[in-house]
Amino acid sequence: MTTLLPYPIFLALAVLVLLFVIKGKLTARAKLLPFPPGPAGVPIIGNLLDIPSENQYLTFSKWKATYGPIIGLKILGKPIVILNSRESIEDLLAKRGAIYSDRPHLHVMSKLGGWNWTLPFLPYNEEFNLQRKLFNMCLGPTAMPRWHSMLKDEALDAAFQLLKHQDSPQKVTHRYRFISQLLPFPHFKSCRWSGASIMMAAYGHKVAEDRDEYVEMIDNLMNELAKLGNAGSHPIDVMPQLAALPLWIWGSKFKNSVTKQSELMGKILVKPFTDTKSIQERGIANRSMLSVLLEQNRQEDGFIENERAIKAVTGTAYIAGSDIMAAHFDTFILAMMTYPEVQKKAQDALDSVLHGERLPEIEDRAAVPYLEALLSEIFRWKPIGPLAIPHRLTEDDEYNGYFIPAGTQIIANLWHCLMNDHDFPEPSVFRPERFIEGEKLQSQCFEVQELAFGIGRRVCPGKYFASSALWLTISVILTLFDISKAIDENGKTIDPDLQYDHGTLSCHARTYRCRLTPRSGPLVQLYMGEREQS
Ligand code: HEM
């Protein structure tokens with residue numbers, strides 16, 4: 001055959017045409033496949049009425065028995081796929097991450113609430129890549145040693161704050177919205193473990209003893225956020241055309257809440273950044289994510305490259321990290337009160353490594369497998385983000401004999417993966433032993449931690465930070481104190497409520513009380529003495 005094109009170019013073109021034809025055929029074939037099964041729904045609105053407004057993960061889990069692990073829904077013609085198995089989450093969100101890593105546009109939070117500059121709400125684009133890179137520079141596995149000593153200080157602080165606030169431990173765990181409701185006026189102390197850790201890491205800012213301006217901004221933001229109900233459940237998110245209507249149509253509560261959120265988001269993006277930058281320019285700032293990123297992006301003439309993305313990354317860490325870490329901390333305290341035998345085993349495991357001579361260091365982590373299993377059980381027993389954050393598919397796809405069209409919203413039901421009785425017999429029992437065989441940890445122990453932080457290209461960028469912070473805090477508290485149920489005025493033991501309430505993106509423990517008793521031994525006496533003097 002003769003051709004006017006040089007042979008290699010001709011060959012390349014031929015391969016391209018062939019690939020195009022094959023892809024066209026595959027797509028045509030895929031379109032003949034059925035959409036994943038699900039409840040039938042009704043004309044026009046589809047499954048809108050099938051989805052409850054609360055605890056949706058329970059309904060999605062129940063549907064698995066009827067429809068299988070991959071469930072298809074349609075709301076006003078918009079396709080949604082629920083993944084009810086670890087395997088399907090891994091196959092789609094991780095192995096096909098190139099097309100499953102976009103986010104659906106949640107108009108209410110993203111546009112009206114002003115969250116659109118934060119990484120969790122960014123579409124899968126260049127800005128996403130840049131912000132992920134900046135996160136990784138500060139909180140990736142190789143950057144973690146930089147934070148360990150600060151995290152240990154915060155852990156020790158949290159332990160003693162907990163001792164001081166046994167009647168309302170959630171003050172220590174940064175549960176502002178509940179504290180504000182419980183007390184006649186917000187009673188802030190520097191006992192906010194997760195907020196304090198994140199603020200120190202993000203900006204090098206030590207939260208103030210009483211009222212802290214930055215922490216109050218987050219508190220107010222979370223209060224406003226809680227008023228919006230489940231993310232994505234507002235009619236505007238279901239039917240974006242409704243966004244064209246004036247906001248007052250949805251009532252003054254909604255209008256005020258999104259307006260306040262948007263104002264706060266603007267402040268959170270700019271205020272701590274500008275304050276810290278000016279302290280840094282005077283040469284007195286603590287080392288922080290912001291200082292690291294400014295250094296690494298400063299050009300010779302002093303110009304800061306990617307300044308807006310740096311602002312966004314530090315601001316996002318501060319918003320995204322504190323609430324969810326606090327919720328896991330509460331799970332730890334509740335589990336220790338409810339399962340004293342687990343607590344005793346964890347303390348024995350720690351004592352056998354530390355011999356009552358020192359506090360735990362992150363380097364001890366591998367030597368205490370029981371504590372690792374306990375941490376996994378914390379993630380599993382009360383999944384704090386039961387449906388993670390939805391993804392969006394960007395190209396038509398075919399999976400397990402089903403056709404999934406571009407634009408489908410993908411929801412990973414982490415709750416089902418962590419709480420089903422097939423993989424985890426008696427799932428509502430807190431039992432770290434389920435992850436241990438002989439002396440060794442089973443691979444399931446690490447799989448649970450992996451799932452809790454999400455899988456694929458949108459995996460939580462704070463996972464190493466959160467995991468180290470939780471491990472250090474839990475191990476320090478268990479080394480110094482015994483945790484037990486509180487006793488009421490009549491000497492009666494108070495059983496904590498183990499039900500969790502659902503927020504916009506995450507779940508939280510209800511208000512509880514606990515009792516902390518210093519353990520015996522010279523190490524505890526030493527730290528108690530130091531605290532009393534300080
Ligand atoms: C125990 C603590 C934490 C848990 C269980 C957790 C879990 C998660 C999960 C499940 C996701 C969604 C993954 C997906 O979309 O597939 C996520 C996203 C995210 N997390 Fe975390 N997280 C924790 C702590 C943190 C901390 C401390 C930070 C910041 C310092 C953080 C920052 C983020 C950000 C920015 C995203 C969005 C990532 C993206 O959209 O690309 N998280 N997290």
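**Briefing: local contacts, a helix pair and an iron site**

Leaving out residues up to four places away in sequence, valine 524 contacts Thr479, Leu480, Pro518 and Arg519. The model is predicted. The points below cover two buried residues, a packed helix pair, the iron donor and two loop residues with positive phi.

**Valine 524**
- Valine 524 sits in helix α19, which spans residues 522–533.
- Its relative accessibility is 3%, under the 20% limit, so valine 524 counts as buried.
- Between the C-alpha atoms of valine 524 and phenylalanine 481 the separation is 8.2 Å, although the two residues are 43 residues apart along the chain.

**Serine 197**
- Helix α8 (residues 193–203) contains serine 197.
- With 0% relative accessibility, serine 197 is also classed as buried.
- Not counting residues up to four places away in sequence, serine 197 touches Met150, Leu151, Glu154 and Phe465.

**Helix pair α9 and α11**
- Two packed helices are described by the angle between their axes and the distance between the axes.
- For α9 (residues 213–226) and α11 (residues 252–281), the angle is about 155° and the axes are 9 Å apart.
- Angles over 145 degrees count as roughly antiparallel, and α9 and α11 are therefore roughly antiparallel to each other.
- The crossing of α9 past α11 is left-handed.
- On the α9 side, the contact is made by Glu213, Tyr214, Met217, Ile218, Asn220, Leu221, Glu224 and Leu225.
- On the α11 side, the contributing residues are Ser257, Lys260, Gln261, Leu264, Met265, Lys267, Ile268, Lys271, Pro272 and Asp275.
- Sorted by class, this contact has nine nonpolar, six charged and three polar residues.

**Iron donor**
- The iron atom of the ligand has Cys460 as its only protein donor, through SG at 2.3 Å.
- Cysteine 460 belongs to the loop between α17 (443–452) and α18 (463–480).

**Positive phi in loops**
- Most residues other than glycine have a negative phi.
- Asparagine 55 has a positive phi, near 45°, and lies in the loop between α1 (7–32) and α2 (56–67).
- The relative accessibility of asparagine 55 is 27%, so this residue counts as partly exposed.
- Histidine 355 has a positive phi near 55° and is placed in the loop between α14 (340–354) and α15 (369–381).
- Histidine 355 counts as exposed because its relative accessibility is 54%, and the class starts over 50%.

Terms used. Residues numbered from 1 in each chain as written. Predicted model: local features only at pLDDT ≥ 70, side-chain atom pairs only at ≥ 80, totals over all residues. Heavy atoms only, no water. Axes fitted to C-alpha atoms, helices over the stretch in contact; angles between N-to-C directions. Helix = DSSP H or I, 4+ residues; strand = E, 2+ residues; numbered from the N terminus. Parallel < 35°, antiparallel > 145°, perpendicular 65-115°, else oblique. Left-handed = near helix turned anticlockwise from the far one by under 90°. Contact = heavy atoms within 4.5 Å. Nonpolar A, V, L, I, M, F, W, Y, C, P; charged D, E, K, R; others polar. Donors = N, O, S within 2.8 Å, 3.2 Å for Na, K, Ca; no water. Buried < 20%, exposed > 50% of the residue type's maximum accessible area, 1.4 Å probe, protein only.
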